[in-house]
Protein chains: 2
Amino acid sequence: MRVLAIDPGYGRCGVAVLERENGKKETLLYSACIQTSKDTEFTARLGIVADECTRLAKKYKPDALAMEKLYFSTNQKTVMRVAEVRGALIQLATSLGIPVFEYTPGEIKSAAGGSGRADKQQIAKMLHALVKIEKEIKYDDEYDAIAVGVTHWARHRH
Amino acid sequence: MRVLAIDPGYGRCGVAVLERENGKKETLLYSACIQTSKDTEFTARLGIVADECTRLAKKYKPDALAMEKLYFSTNQKTVMRVAEVRGALIQLATSLGIPVFEYTPGEIKSAAGGSGRADKQQIAKMLHALVKIEKEIKYDDEYDAIAVGVTHWARHRH
């Protein structure tokens, strides 16, 4: 079973592919932070993120796409643009027949961070304990995506 | 020159295809209100809207996709879901090589409604004066989409 986990964004978008086999620890197959330039128009930035996620979906053939869902923020315009990225990802997953699951920041924090009061570093440590990670993780966005994947499996145990 | 104009939504989505030839009045080639059921999951509703818009884009081969852009509303969750629909539409247009243009409700009202204080009925009358409409318009959502198309051309005169 594989999940393509995404922390959606148009400037920085964390992506992770996690695999799970019966009785084994979850394994990180791939992670990255897709980055686009401020100088690029929004529609093109959305296209870059969507194209890269399409490539990953076709390469890794995940059984699910899991994403963070965010409704409220102090920066309404950013949240709306991120929602547009989410919509593009929902559309591409649906067109490839991959079911989509969304989790709130609270759900992700409690699945990946334990107490809910954990900071970034503690969450990273927790994720290394939960998931077999053999590559170097450069970006926080990658950990955010891995946390989304861990949340997905915490909620789909069978 | 053709524009695929959309008033985005997941419950009701107004779509219109307008054509413009030099020296002639704009003509409505197609309009409809795509409707999806409340009993259908959001991702599937988004898929229905996106698939129908993809079909129209492939059939009519528009030079532009124009949409209403909405950032603020009293119902934040609805606005966010509509943003996701918008993102899916941006993605499908971009993947077909069709440039995307977004207009605010204010821009649309002033292009299609004249005074900005016009009500629905006055806007419908105005749209009939601006565009050659030979079919019966059943839904307000169709007028909303036609208004988006009119706005697009008011801003792209040449």
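This briefing walks through the annotated residues, a helix, a sheet and the symmetry of the structure above. Please keep in mind that the model is predicted. Chains A and B are related by a two-fold axis, and the annotated residues Asp7(A), Glu68(A) and Asp141(A) cluster in space despite being spread over 135 residues of sequence.

**How the two chains relate**

- A turn of 180 degrees, with a shift of 0.0 Å along the axis, lays chain A on chain B with an RMSD of 0.0 Å. That is how a two-fold axis relates its copies.
- Of the interface residues of chain A, 100% are also interface residues in chain B, so the two copies meet through the same surface.

**Annotated sites in chain A**

- An unreviewed UniProt entry lists Asp7(A) and Asp141(A) under "binding site". They span 135 residues in sequence, yet their C-alpha atoms are no more than 6.9 Å apart, so they gather at one spot.
- Under "active site", the unreviewed UniProt entry covers Asp7(A), Glu68(A) and Asp141(A). The largest C-alpha distance among these residues is 11.7 Å.

**Asp7(A), Glu68(A) and Asp141(A) one by one**

- Asp7(A) belongs to strand β1 of chain A, which runs over residues 2–7. Asp7(A) counts as buried because 25 other C-beta atoms lie within 10 Å, where 20 or more is the cut-off.
- Leaving aside residues up to four places away in sequence, Asp7(A) touches both other annotated residues, Glu68(A) and Asp141(A), along with Cys13(A), Gly14(A), Asp144(A), Ala145(A) and Val148(A).
- Glu68(A) sits in strand β4 of chain A, residues 64–68. With 23 other C-beta atoms within 10 Å, Glu68(A) is buried.
- Beyond four places in sequence, the contacts of Glu68(A) are Asp7(A), Pro8(A), Tyr103(A), Pro105(A), Ile108(A) and Val148(A). Val148(A) is thus a contact of Glu68(A) and also of Asp7(A).
- Asp141(A) is found in helix α5 of chain A, which covers residues 140–155. Asp141(A) is buried too, having 23 other C-beta atoms within 10 Å.
- With residues up to four places away in sequence set aside, Asp141(A) touches Asp7(A), Arg12(A), Cys13(A), Gly14(A) and Cys33(A). Cys13(A) and Gly14(A) are contacts of Asp141(A) and appear among those of Asp7(A) as well.

**Helix α2 of chain A**

- Helix α2(A) takes in residues 76–95, and at 1.5 Å a residue its 20 residues should span 28 Å. The end C-alpha atoms are 29 Å apart, which agrees with that expectation.
- The helix α2(A) is mostly covered, with 15 of its 20 residues buried.
- After α2(A) comes Gly97(A), whose phi is positive, near 75 degrees.

**The sheet in chain B**

- Chain B has an open sheet of six strands with mixed pairing, in the order β5-β4-β1-β2-β3-β6.
- Which strands stand at the edges of the sheet? They are β5 (100–103) and β6 (131–132) of chain B; each has a single partner strand, so one side of each is left without a neighbour in the sheet.
- Strand β4 of chain B, residues 64–68, pairs with β5(B) in the parallel sense over four bridges. Within that neighbourhood, Leu65(B) has Val100(B) in β5(B) as its bridge partner.

Terms used:
Residues are numbered from 1 along each chain as its sequence is written. Chains are lettered from A and ligands numbered from 1 in the order in which they are written. This is a predicted model: local features need pLDDT of at least 70, side-chain atom pairs count only at pLDDT 80 or more; totals for chains, interfaces and linings use all residues. UniProt positions are given in the numbering used here, feature names are shortened, and annotations may be inferred rather than shown by experiment. Helices (H or I, at least four residues) and strands (E, at least two) are DSSP runs, numbered from the N terminus. A residue is buried if 20 or more other C-beta atoms lie within 10 Å of its own, exposed if 12 or fewer, and partly exposed in between; C-beta atoms are placed from the backbone. Two residues are in contact if their C-beta atoms, placed from the backbone, lie within 7 Å. Two strands pair if DSSP finds at least two bridges between them. The expected span of a helix is 1.5 Å times one less than its number of residues. Copies are superposed by least squares on the C-alpha atoms of residues with pLDDT of at least 70 in both.
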